[in-house]
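Me: I have a chain open here and would like to talk through its fold, core and pocket. Could we go over it together?

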Amino acid sequence: MNRPLFSVRLSRSAFVLLTCLFTSILLPLSAAPADDAEAAAQAMARDQEKAGYIFRAEAWTGELEKGIGKAVKMQLFKGNDYCIGVAVPRKSGIHISGSVLDFKGEPVGEIQPVVDGWGFLLFFKPKKTGVYVVTVHQTEAGKRKDTACAIITGYK
């Protein structure tokens with residue numbers, strides 16, 4: 001009869017405690033890229049607050065795959081000037097670009113890229129209230145790999 005060299009029996013509460021411990025250690029490691037992307041977008045926003053833009057407290061965060069861009073719908077209102085900050089983690093080596101698309105799928109507004117390529121600002125004043133789309137994609141200038149992306153919106 002084969003017997004294990006040693007055996008460990010855990011009570012249910014000990015198992016739950018160990019599971020929580022390992023999860024709490026691993027979750028911050030996986031959440032770090034999203035936090036870094038959001039921090040980069042927030043940094044760009046702080047610079048624009050001096051120009052009078054008011055930024056929403058929450059940012060959109062999601063995965064930006066290396067071969068596929070991302071399109072995020074946004075409700076924008078006629079009469080507001082918008083500044084939309086888009087970023088990936090600063091030290092990722094990834095370069096991104098994008099645009100705001102109108103109802104017809106045409107790019108509108110002005111893009112101001114960050115020198116290192118990890119982010120950009122989009123400036124746009126809609127002529128009509130409605131749903132617009134912010135697009136983001138990785139460029140050939142940097143590394144190409146899956147990463148976190150954050151979008152923050154401000155208006156004045």
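**Core, fold and pocket**

Reply: We may start with Val-136, keeping in mind that the model is predicted. Leaving aside residues up to four places away in sequence, Val-136 touches Leu-64, Gly-69, Lys-70, Val-86, Ile-96, Ser-97, Gly-98, Phe-120, Cys-149 and Ile-151.

Me: And which residues have the most contacts inside the largest nonpolar core?

Reply: They are Ile-84, Val-86, Ile-96, Val-134, Val-136 and Ile-151, in a core of 35 residues. At least two residues of this core come from each of α1 (12–49), β3 (70–76), β4 (82–87), β5 (96–101), β8 (119–124), β9 (130–138) and β10 (147–155).

Me: How many helices and strands does the chain have?

Reply: The chain has one helix and ten strands. Along the sequence the order is α-β-β-β-β-β-β-β-β-β-β.

Me: What share of the contacts joins residues at least 24 apart?

Reply: The share is 78%, taken among contacts between residues at least 6 apart in sequence.

Me: Let us move to Thr-153. Is Thr-153 buried or exposed?

Reply: Thr-153 has a relative accessibility of 5%, so it counts as buried, the cut-off being under 20%. Thr-153 belongs to strand β10. Its contacts, not counting residues up to four places away in sequence, are Ile-54, Phe-55, Arg-56, Met-74, Tyr-82, Cys-83 and Ile-84. Ile-84 is also among the core residues with the most contacts.

Me: What about the chain as a whole, how much counts as buried?

Reply: Of its 156 residues, 35% count as buried. The chain exposes about 10000 Å², and carbon and sulfur atoms supply 57% of that area.

Me: Now the largest pocket. What lines it?

Reply: The lining consists of Asp-102, Phe-103, Lys-104, Val-108, Phe-124, Lys-125, Lys-127, Lys-128 and Tyr-132. These divide into four nonpolar, no polar and five charged residues. The space in the largest pocket is about 190 Å³.

Me: Take Lys-128 from that list. Where is Lys-128 found?

Reply: Lys-128 sits in the loop between β8 and β9. With a relative accessible area of 55%, Lys-128 is exposed, because the cut-off for that class is over 50%.

Me: What does Lys-128 touch?

Reply: Not counting residues up to four places away in sequence, Lys-128 touches Leu-76, Lys-78 and Phe-103. Phe-103 is itself one of the residues lining the pocket.

Me: And how far apart are Lys-128 and Asp-102 in space?

Reply: Their C-alpha atoms are 9.5 Å apart, while the two residues are 26 apart in sequence. Both Lys-128 and Asp-102 line the largest pocket.

How values were computed
Residues are numbered from 1 along each chain as its sequence is written. This is a predicted model: local features need pLDDT of at least 70, side-chain atom pairs count only at pLDDT 80 or more; totals for chains, interfaces and linings use all residues. Side-chain values use heavy atoms; hydrogens and water are left out. On a 1 Å grid over the protein atoms alone, a cavity is a set of points where a 1.4 Å probe fits but cannot get out, and a pocket is an open set with protein on both sides within 12 Å along at least five of seven lines; lining residues have an atom within 4 Å of a point. Grid points are joined across faces, edges and corners, and a volume is the space filled by probe spheres set on the points. Ala, Val, Leu, Ile, Met, Phe, Trp, Tyr, Cys and Pro count as nonpolar, Asp, Glu, Lys and Arg as charged, and the others, Gly among them, as polar. A nonpolar core is a set of buried Ala, Val, Leu, Ile, Met, Phe, Trp, Tyr and Cys residues joined through side-chain atoms within 4.5 Å. Buried means under 20% relative accessible area, exposed over 50%, partly exposed in between (1.4 Å probe, protein chains only). Helices (H or I, at least four residues) and strands (E, at least two) are DSSP runs, numbered from the N terminus. Contact means heavy atoms within 4.5 Å. Accessible areas come from the Shrake-Rupley method with a 1.4 Å probe; for residues, only the protein chains shown count as cover.
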